[in-house]
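Open the model in your viewer and keep the selection tool at hand. This tour goes from one stop to the next, saying what to pick and what you will find there.

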Amino acid sequence: MVAGAARIRVTFQVDADGLLSVAAREMGSGVEASIEVKPSYGLSDQEITRMLQESGQFAQDDMQARALREQQIEARQLVEAVQNALAQDGELLSATEREHIVTQIQALQASLQQSDAQLLKRAIASLNDATVRFAQARMDKSVSHALSGKNISDLEVK
């Protein structure tokens, strides 16, 4: 056979017990070979049973840890987005409104230091509430900019 002319079809299959079956077939000649690979992790049935029981016991802790991490990620993204928005369009706010938003950002950043998902959730909601009018003002500015110098009859409605 010429180098590079071999065409081999390889299939892999893993069953529910972790048994790996690999089959290879050379397409030209039809020669086929297969092998089964059984997992040997060095764990006894008792150890596997214990690990499964522990996973059930710690499931609640794992879910709480995940919820905390998700809230932390959301909080960091929100802080960054609001800070960027303030840098771009901060002039749309009064000094009092800007100060209130900055205070809420600082409160959210302080709550990131805690390990309390509910505290983070409340701080995120507070910052969201504080920025509603700012978001509206940014949208108004964006729409106004998009429509400036255009005649109403020139606009295409889709």
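The stops below cover helix packing, a group of salt bridges and a patch on the surface. Keep in mind that this is a predicted model.

**Stop 1: α2 and α4**

Start by selecting helix α2, residues 59-89, and then add helix α4, residues 117-130. Their axes lie 9 Å apart, and the two helices pack at an angle of about 25°. With an angle under 35 degrees counting as roughly parallel, α2 is therefore roughly parallel to α4. Turn the view until one helix lies in front of the other: α2 passes α4 in a left-handed crossing.

**Stop 2: α3 against α4**

Keep α4 on screen, hide α2, and bring in α3, residues 95-111. Here too the axes are 9 Å apart, but the packing angle is about 165°. That makes α3 roughly antiparallel to α4, since the cut-off for this label is an angle over 145 degrees. The handedness to look for is left-handed, as α3 passes α4 that way.

**Stop 3: α2 and α5**

Now return to α2 and select helix α5, residues 132-147. The axes of α2 and α5 come within 12 Å and cross at roughly 50°. This angle makes α2 oblique to α5. The crossing of α2 and α5 is left-handed.

**Stop 4: the salt bridges of Asp89**

Leave α2 and α5 in view and show side chains. How many salt bridges does the structure hold? There are seven, and this stop and the next one visit some of them.

Select Asp89 and Arg138. Their salt bridge has its closest N and O atoms 2.7 Å apart. Arg138 belongs to helix α5 and Asp89 to helix α2, so this pair ties together parts that are 49 residues apart in sequence.

Is Asp89 buried or exposed? Its relative accessibility is 9%, so Asp89 counts as buried. Arg138, in contrast, is partly exposed, at a relative accessible area of 25%.

Add Lys141 to the selection. Its side chain meets that of Asp89 in a salt bridge of 2.5 Å, N to O. Again the link runs between helices: Asp89 is in α2 and Lys141 in α5, so parts that are 52 residues apart in sequence are tied together. Lys141 has 36% relative accessibility and counts as partly exposed.

**Stop 5: on to Glu91**

From Lys141, move to Glu91. These two side chains also meet in a salt bridge, at 3.4 Å from N to O. Glu91 sits in the loop between α2 and α3, while Lys141 lies in α5, so the pair ties together parts that are 50 residues apart in sequence. At 54% relative accessibility, Glu91 counts as exposed.

Select Asp89, Glu91, Arg138 and Lys141 together to see the whole set: salt bridges that share partners join them into one network.

**Stop 6: a nonpolar surface patch**

For the last stop, switch to a surface view and select Leu43, Ile48, Met51 and Leu52. Which kind of surface patch do Leu43, Ile48, Met51 and Leu52 make? The patch is nonpolar and covers about 360 Å².

Zoom in on Leu43, which is found in the loop between β3 (32-37) and α1 (45-57). With 41% relative accessibility, Leu43 counts as partly exposed.

Conventions:
Residues are numbered from 1 along each chain as its sequence is written. This is a predicted model: local features need pLDDT of at least 70, side-chain atom pairs count only at pLDDT 80 or more; totals for chains, interfaces and linings use all residues. Side-chain values use heavy atoms; hydrogens and water are left out. Patches are made of residues with over 30% relative accessible area and no salt bridge: like charges are joined within 9 Å, nonpolar side chains (Val, Leu, Ile, Met, Phe, Trp, Tyr) within 5 Å. Accessible areas come from the Shrake-Rupley method with a 1.4 Å probe; for residues, only the protein chains shown count as cover. A salt bridge is a side-chain nitrogen of Lys or Arg within 4 Å of a carboxyl oxygen of Asp or Glu. Helices (H or I, at least four residues) and strands (E, at least two) are DSSP runs, numbered from the N terminus. Buried means under 20% relative accessible area, exposed over 50%, partly exposed in between (1.4 Å probe, protein chains only). Axes are lines fitted to C-alpha atoms, for helices over the stretch in contact, and angles run from 0 to 180 degrees between N-to-C directions. Angles under 35 degrees count as roughly parallel, over 145 as roughly antiparallel, 65 to 115 as roughly perpendicular and the rest as oblique. A crossing is left-handed if the near helix is turned anticlockwise from the far one by less than a right angle, and right-handed if clockwise.
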